[in-house]
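Colleague: Please give a close account of the aromatic ring pairing in this model, and then set it in its surroundings. I should like every criterion to be stated where it is used.

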Amino acid sequence: MQTIDDLDVAGKRVFVRADLNVPLSGTTITDDGRIRAVAPTLAKLVAAGARVIVASHLGRPKGKPDPQFSLAPVAVRLGEILGQEVVFAADTVGDSARGAVDALADGQVVLLENLRFNPGETSKDDAERGAFADSLASLADLYVGDGFGAVHRKHASVYDLPARLPHAVGLLIAAEVAVLKRLTEEVERPYVVVLGGSKVSDKLGVIDNLLGKADRILIGGGMAFTFLAAKGYEVGSSLLQADQIPTVLEYLERAEKNGVEFVLPVDAAVSGSFPDLKAQAPVEDFEVVPADAMPAGKGGLDIGPASCELFAAKLADARTVFWNGPMGVFEHPAFAEGTRAVARALSEGDAFSVVGGGDSAAAVRILGFDEKTFGHISTGGGASLEYLEGKTLPGLAALEN
Ligand code: ADP
Ligand code: MG
């Protein structure tokens, strides 16, 4: 792979595919980690006299402009972090973007509007994606791939565009890959993997591969309830992937055969409804129940205090930890304790700990932990999981050729 040092960027229009998909509350950025993570690449290009065109997706708009997913607030924050003006283009390949790019002087930066406002970005149709990539390519001379959180997506700006321009890998992707590589090669044992979050079906696949690598797998978050249901427990209105129960049973069986320890929550914090994240109102019917005695009318929104203790104990002797997915709905204080317990165990422990996932990484910072007390906080959740699964990531493959 070429790095940005291999490119002659002075005076050139350099398209940087970043991952600026930050959590927003209205137009307020609640965690700017992904913006800070790509800043060194952008600063380096600026210092080298490039005309920098930054592009990203934000959220999941439906292929057309949707103001709630505008990158406008990100342009402001990026400008603050870089210490220079970041021009914001109100579209991606329209008049605003072209005008802004044409007006760029060496060392200046423009951020394009959300790539996913254009249906070509995520299209499954090669021709439609290719046409969008052609338009993007006409804006630039060179391409730098640095949106690690999106490299597992076969999207126009990630996969098709680098094929159309001389390209290189950015500093962030290079650093992310170096860390993940360490987890796929010789790991120091015990190697403990902690999985949680809400994208259950996306994440179950990684377990298949981890059964041959990890010594211990801790399951929390929404995913835990599919495991508890597989054991025959009532899970009430918890997140449940009922069609995956056979898969989960097979994992449990294989784990036992391979000597991999599976650790499931022994209790859960439950409520009859999803908490109000905006108002952060107290949860009137909050209750902690044993994992095998969940009430039918309520759902599990966090692991309980006994599970927190259990998980911390199971992390205490770890030498390597990979964690993806919050243990509960940490965005509400009533359901943040499980995530806090895992974060604390990693922060205070001396294992080489890698935290992957947009929400997991944000949780660590929002709950007030010092990033420096973790081995590595990755900007990519799905991307790091797929890397660990041994899959070919389209955005990395595209940078290799
Ligand atoms: P990441 O971004 O770290 O990969 P995910 O996107 O899979 O993680 O999941 C993060 C989300 O999971 C958080 O917004 C959190 O509120 C939610 N979550 C965690 N536990 C539960 C649960 N038991 N039920 C519903 N949602 C949950
Ligand atoms: Mg997420």
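Modeller: A residue is called buried under 20% relative accessible area, exposed over 50% and partly exposed in between, with a 1.4 Å probe and protein chains only. This is a predicted model, in which local features need pLDDT of at least 70 and side-chain atom pairs count only at pLDDT 80 or more, while totals for chains, interfaces and linings use all residues. Residues are numbered from 1 along each chain as its sequence is written, chains are lettered from A and ligands numbered from 1 in the order in which they are written, and side-chain values use heavy atoms, with hydrogens and water left out.

The structure contains four aromatic pairs; rings of Phe, Tyr and Trp (its six-membered ring) pair if their centres lie within 6.5 Å, and planes under 30 degrees apart count as stacked, over 60 as edge-to-face and the rest as tilted. In one of these pairs the ring centres of F15 and Y143 are 6.0 Å apart and the planes meet at 10°, so the pair is stacked. F15 belongs to strand 1 (residues 13–17) and Y143 to strand 7 (residues 142–145), so the contact of rings ties together parts 128 residues apart in sequence. Helices (H or I, at least four residues) and strands (E, at least two) are DSSP runs, numbered from the N terminus. F15 counts as buried, at 0% relative accessibility, and Y143 is likewise buried, at 1%.

Another of the pairs joins F286 and F335; it is tilted, with 5.6 Å from centre to centre and 40° between the planes. Here too distant parts of the chain are linked, 49 residues apart: F286 is in the loop between strand 12 (267–271) and strand 13 (287–290), and F335 in the loop between strand 15 (320–324) and helix 11 (337–348). F286 is partly exposed, at 37% relative accessible area, whereas F335 is buried, at 0%.

The surroundings of the stacked pair come next. Strands 1 and 7 both take part in an open sheet of six strands, ordered 5-6-4-1-7-8 with parallel pairing; two strands pair if DSSP finds at least two bridges between them. Strand 5 (86–88) and strand 8 (167–169) are the edge strands, each pairing on one side only. On average, neighbouring strands of this sheet are turned by 25° against each other, direction ignored, where axes are lines fitted to C-alpha atoms, for helices over the stretch in contact, and angles run from 0 to 180 degrees between N-to-C directions. Three parallel bridges connect strand 5 with strand 6 (residues 109–111), and V86 stands opposite V109 there.

A50, in the loop between helix 1 and strand 4 (51–55), is buried, at 0% relative accessibility. Its C-alpha is 6.2 Å from that of R13, although the two are 37 residues apart in sequence. Leaving aside residues up to four places away in sequence, A50 touches several residues, among them V14, L45 and Q108; contact means heavy atoms within 4.5 Å.

The tilted pair leads to strand 15, which lies in another open sheet of six strands, with the order 11-10-9-15-16-17 and parallel pairing. Strand 11 (261–263) and strand 17 stand at its edges with a single partner strand each, so one side of each is left without a neighbour in the sheet. Strand 16 and strand 17 pair in the parallel sense over two bridges, and V355 has I377 in strand 17 as its bridge partner. Helix 7 (residues 200–210) lies across strand 9 (191–195), strand 10 (216–219), strand 11 and strand 15, at about 165° to strand 9.

Helix 12 (residues 358–366) has S360, A361, A362, A363, V364 and R365 as its buried residues. These pack against helix 1 (33–47), strand 15, helix 11, strand 16 (352–356) and strand 17 (376–377). Just after helix 12, G368 has a positive phi of about 90°.

For the protein chain as a whole, the secondary structure comes to 14 helices and 17 strands. Its C-alpha trace spans about 65 × 45 × 40 Å along the principal axes, and 56% of its 401 residues count as buried. Of the contacts with a separation of 6 or more, 75% come from residues 24 or more positions apart.
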